[in-house]
Amino acid sequence: MNAHIDPSNVPVRPRTQGEVPFYREKGQAVPRAVKGVFRSLKWWASIVLLAWWYLGPFLRWDRGPDAPGQAILLDMAGRRAYFFDIEIWPQEVYYVTGLLLIAAVSLFLMSALAGRVWCGFLCWQTVYTDLFQNIEKWVMGDRTARISLARAPMSAEKAAKTAIVVGSWFIISLFTGLAATLWFGDAFQQIRDFFTLDADPAVYLFTTIIGGFCFLLAGFARERVCVYMCPYSRFQSAMLDEHSLVVSYETWRGEPRAPAPADLNFSGRGHCVDCKMCVQTCPTGVDIRWGNQLACIGCGLCIDACDQVMEKFGLPKGLISYDSSARLHAREHKAEAPGFKVIRPRTLVYGGLLAIVATVMLTSLLTRETTTVNILHERTPLFIQMSDGSVRNAYVYKVLNMVREDRVYTLRAEGLPGLTLERVGGTGQAQELELAVDKDTVGTFRLFATAPESAMTGKSATITFILTEKDKAGKPIRNESLFAGPGR
């Protein structure tokens, strides 16, 4: 557990300006509690995200009788995905690709504008690590108390507090794993089945896997996930430029650093009093004074801590700030700092890509067909020549009704003179057939298409099946298929 590790015992060799340690074999950040704007933003982000994760599956949406009532549902057994009034079928899996593209480009745009704001406020690893660290603080005390408890020999108090902390982690992780399964089945029924041991074994397995990773990564790995495991920290710098907002230390103002003078006279020296509050509040243990680093997740807690220290000594806030390097450079050279530049080539590219993908997705959803057809020409045999010389071909005709109401369609075929259709189990040959398809299902029909021998001028021809919803105006669905014959 985090309280058993004392980061002060980690040997650190002397460093030169701008050099940061790449790897620490032991030691784990023990962040100090802090209050301020960024701390409040983290709390609100965590509350919203956790509320969505745990309560989202319980949102209801009326889709009519015999339809799932859960607003957002990934129904693997029924091979459907539901998002409020949108129902996605398996053949529409390309929408998942679109959502992944939107998520990726949004992350790129977010990084170009505000650095690692995702890592600092919205990432699940950050949210749960912050929650687990605060549970430690509530049970064991702030940073100094936790380090002292870790150094102390085992006692009843230490064992009890450790058990409460680890037990709390376990319960939260259990419900985190369970919440993940609720998105794949009716939440209310699944909750009952889970605790009465009537749920499918896959539910318990999935809960164990998700909950176990939450327990291990947020409880024990913590910042190591961000620093050594997450690939985003490796390439996010490629998305930044001089106008991107990042957590930065004003070296020109803070150096040379030294303890605060007794007379509070800061003339001839930097404003940094070397209190290390910025390091102690950092959830990844970064010393931002050595410059922007891979381990910095951009949460801004060091800004809150430094602003409190500056206020205490009557110095201007902003020694550590969330700002762009262009503005920092201007202030360093006593020039007028430019405004935050949102429109620039990088953001235009990301914003344009995002707009294109979102527009394509929206257009596709608004214009998507509610009826689709699939035709399979039977191969064995390709055709049958009847006693009167006419030629018959067999087809499997599938109609997908993607709305929750029964529908009746009319089907006819063209392409050969005298062509007629017959449905297996129907009333005989006709120029036009009626096909009834139940709501939200696939109607499968075995059809015979028959043409006079005189209509065939070769070994094969192309015919067109035309499907129209009965008694409703709409664009007919046309599908071509092969019609085989003996040839001449």
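Reader: What covers the buried residues of helix 8?

Author: The cover includes helix 4 (124-140), helix 6 (156-182), helix 7 (187-195) and helix 9 (223-229). Buried means under 20% relative accessible area, with exposed over 50% and partly exposed in between (1.4 Å probe, protein chains only). Helices (H or I, at least four residues) and strands (E, at least two) are DSSP runs, numbered from the N terminus.

Reader: On what basis are such statements made?

Author: This is a predicted model, in which local features need pLDDT of at least 70 and side-chain atom pairs count only at pLDDT 80 or more, while totals for chains, interfaces and linings use all residues. Residues are numbered from 1 along each chain as its sequence is written, and side-chain values use heavy atoms, with hydrogens and water left out.

Reader: Which residues of helix 8 are buried?

Author: They are V203, T207, G211, C214, F215, A218, G219 and A221.

Reader: How does the span of helix 8 compare with what it should be?

Author: The 21 residues of helix 8 (residues 201-221) should span 30 Å at 1.5 Å a residue, and the end C-alpha atoms are 28 Å apart, which agrees. The expected span is 1.5 Å times one less than the number of residues.

Reader: What is found at the start of helix 8, and what follows the helix?

Author: At the start, a side-chain oxygen of D200 reaches to within 2.8 Å of the backbone nitrogen of A202. Helix 8 is followed by R222, whose phi is positive, near 50°.

Reader: Turning to helix packing, at what angle do helix 1 and helix 13 pack?

Author: Helix 1 (residues 37-55) and helix 13 (residues 301-312) pack at about 145°, and their axes are 7 Å apart. Axes are lines fitted to C-alpha atoms, for helices over the stretch in contact, and angles run from 0 to 180 degrees between N-to-C directions.

Reader: Which residues make that contact?

Author: Helix 1 contributes V37, F38, R39 and K42, and helix 13 contributes L301, I303 and D304. Contact means heavy atoms within 4.5 Å.

Reader: Now the sheets: in what order do strands 11, 9, 13 and 14 lie?

Author: These 4 strands form an open sheet in the order 11-9-13-14, with antiparallel pairing. Strand 11 (432-437) and strand 14 stand at the edges with a single partner strand each, so one side of each is left without a neighbour in the sheet. Neighbouring strands are turned by 30° against each other on average, direction ignored.

Reader: How many bridges join strand 9 and strand 11?

Author: Strand 9 (residues 407-414) and strand 11 pair in the antiparallel sense over 6 bridges; two strands pair if DSSP finds at least two bridges between them. V408 stands opposite A436 in strand 11.

Reader: In strand 14, is S481 buried or exposed?

Author: S481 counts as buried because its relative accessibility is 12%. Leaving aside neighbours within four places in sequence, S481 is in contact with I375, H377, Y395, A461, T462, I463 and F465.

Reader: And what is N479 in contact with?

Author: N479, also found in strand 14, is in contact with V373, I375, I463, T464 and F465, again leaving aside neighbours within four places in sequence.

Reader: What is the arrangement of strands 1, 2 and 3?

Author: These 3 strands form an open antiparallel sheet in the order 1-2-3. Strand 1 (72-75) and strand 3 (86-88) are the edge strands, each pairing on one side only. Strand 2 (residues 80-83) pairs with strand 3 over 3 bridges, and A81 stands opposite I88 in strand 3.

How values were computed. Polar contact = N/O pair within 3.5 Å; in protein donor to acceptor, adjacent residues only side chain to side chain.
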